[in-house]
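Student: Hey, got a minute to go through this one with me? I'd like to start with the packing and then jump around a bit.

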Amino acid sequence: MLGVSYLAGSVPFSNLMARWRAGVDLREVGTGTVSGSELYKQTGPVPLAVAGIAEVAKGAVGPLLAGPNRPVLAAVAGGAAVCGHDWSVFLGGAGGRGFSVSLGALAVQHWPGTATLLTGFVVGQLAKQTGLGVFAASVAVVPVLRWTRGRDGALAGAAVVVPSLVKRVVGNRPPARTGATPYLARLVLDRDTWTKPPTVERRATGAAS
């Protein structure tokens with residue numbers, strides 16, 4: 001069952017959509033991240049919404065198979081889905097950050113975790129610091145779930161947050177600069193520098209969304 005969850009998480013819906021709509025491999029453009037944010041830059045909001053639904057849904061597969069009476073197995077299954085997304089066998093070990101998958105995994109187990117992550121995302125978007133908002137929410141998920149859902153909730157939160165934060169740091173390729181600073185910037189801001197890069201215009205495609 002954990003293998004099924006991992007394989008479900010490994011299906012790279014964002015990259016498949018980018019290839020279909022824009023003819024690009026997300027590993028080779030922008031930040032190299034196979035994520036919704038990079039998909040939006042390449043294709044726009046409608047393909048992002050379609051792929052996003054699939055990305056959230058695949059995170060729920062393992063926990064649903066585990067069922068409500070096996071909370072530990074459900075938590076580990078959710079983490080397996082995030083690991084599959086972050087280190088996909090279909091992308092040679094590349095992947096995204098696991099945010100959408102985490103939403104799905106927690107939604108069917110402990111919805112306050114999903115609400116916490118979404119709050120961080122929305123606040124980050126409004127502040128134009130999405131990476132920082134998601135980082136803060138990720139750090140908050142485990143204590144929020146420990147308070148609202150007890151040890152089972154904390155375990156489910158840790159199972160999805162830990163691989164997501166690890167992937168933020170290691171990325172799909174090493175940073176251009178050496179030293180600890182780029183890795184710390186990745187962890188906190190989800191980019192290689194503390195200075196915000198210039199806005200990148202969305203790639204023009206024949207299929208406007």
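Tutor: Sure, we'll take the cores, then the salt bridges, then the cavity. Keep in mind that this is a predicted model.

Student: OK, how many residues are in the largest nonpolar core?

Tutor: There are 20 residues in it, and F99, L106, L117, V141, V160 and V161 have the most contacts inside.

Student: And which elements give two or more residues to that core?

Tutor: Those are α5 (71-86), α6 (99-107), α8 (130-170) and α9 (181-189). Helix α8 supplies the largest share, nine residues.

Student: What does V160 touch, leaving aside neighbours within four places in sequence?

Tutor: V160 is in contact with G78, G79, V82, S102, A105 and L106.

Student: Which residues are in the other core?

Tutor: That core lies apart from the largest one and has eleven residues, including M17, L26, L39 and L91.

Student: Let me ask about a proline. Where is P63, and is it buried or exposed?

Tutor: P63 is in helix α4 (residues 45-66). Its relative accessibility is 4%, so P63 counts as buried.

Student: So what is packed against P63?

Tutor: Not counting residues up to four places away in sequence, P63 touches A74, A77, G78, A105, V108 and Q109. G78 and A105 also turn up among the contacts of V160. As for A156, its C-alpha is 9.7 Å from that of P63, with their positions 93 residues apart in sequence.

Student: Switching to charges. How many salt bridges does the count come to?

Tutor: The count is six. As background, side chains of opposite charge can pair when their charged atoms come close.

Student: What does D25 pair with?

Tutor: D25 forms a salt bridge with R19, and the closest N and O atoms are 2.9 Å apart. D25 counts as buried because its relative accessibility is 6%, whereas R19 is partly exposed at 46%. There is a network here too, with R19, D25 and R27 linked by salt bridges.

Student: Which one sits inside a single helix?

Tutor: One of them is E38 with K41, both in helix α3 (residues 36-43) and three residues apart, about one turn of the helix. The N to O distance in that bridge is 3.9 Å. With a cut-off of 4 Å, the pair counts as a salt bridge. E38 is buried at 2% relative accessibility, while K41 is partly exposed at 29%.

Student: What about D190, which residue does it meet?

Tutor: D190 meets R97 in a salt bridge, 2.8 Å from N to O. D190 lies in the segment after α9 and R97 in the loop between α5 and α6, so the pair ties together parts that are 93 residues apart in sequence. R97 is buried, at 15% relative accessible area, and D190 is partly exposed, at 27%.

Student: Last topic, holes. How many cavities of 30 Å³ or more does the count give?

Tutor: Just one cavity by that count, and the space in the largest cavity is about 30 Å³.

Student: Which residues line it?

Tutor: The lining is G9, S10, V11, P12, V34, K58, G84, H85, S88, L91, G95 and G96. Two or more of these come from each of α1 (2-10) and α5.

Student: How do those residues divide into nonpolar, polar and charged?

Tutor: Four are nonpolar, seven are polar and one is charged. L91, listed in that lining, is also one of the residues of the eleven-residue core.

How values were computed:
Residues are numbered from 1 along each chain as its sequence is written. This is a predicted model: local features need pLDDT of at least 70, side-chain atom pairs count only at pLDDT 80 or more; totals for chains, interfaces and linings use all residues. Side-chain values use heavy atoms; hydrogens and water are left out. A nonpolar core is a set of buried Ala, Val, Leu, Ile, Met, Phe, Trp, Tyr and Cys residues joined through side-chain atoms within 4.5 Å. Buried means under 20% relative accessible area, exposed over 50%, partly exposed in between (1.4 Å probe, protein chains only). Helices (H or I, at least four residues) and strands (E, at least two) are DSSP runs, numbered from the N terminus. Contact means heavy atoms within 4.5 Å. A salt bridge is a side-chain nitrogen of Lys or Arg within 4 Å of a carboxyl oxygen of Asp or Glu. On a 1 Å grid over the protein atoms alone, a cavity is a set of points where a 1.4 Å probe fits but cannot get out, and a pocket is an open set with protein on both sides within 12 Å along at least five of seven lines; lining residues have an atom within 4 Å of a point. Grid points are joined across faces, edges and corners, and a volume is the space filled by probe spheres set on the points. Ala, Val, Leu, Ile, Met, Phe, Trp, Tyr, Cys and Pro count as nonpolar, Asp, Glu, Lys and Arg as charged, and the others, Gly among them, as polar.
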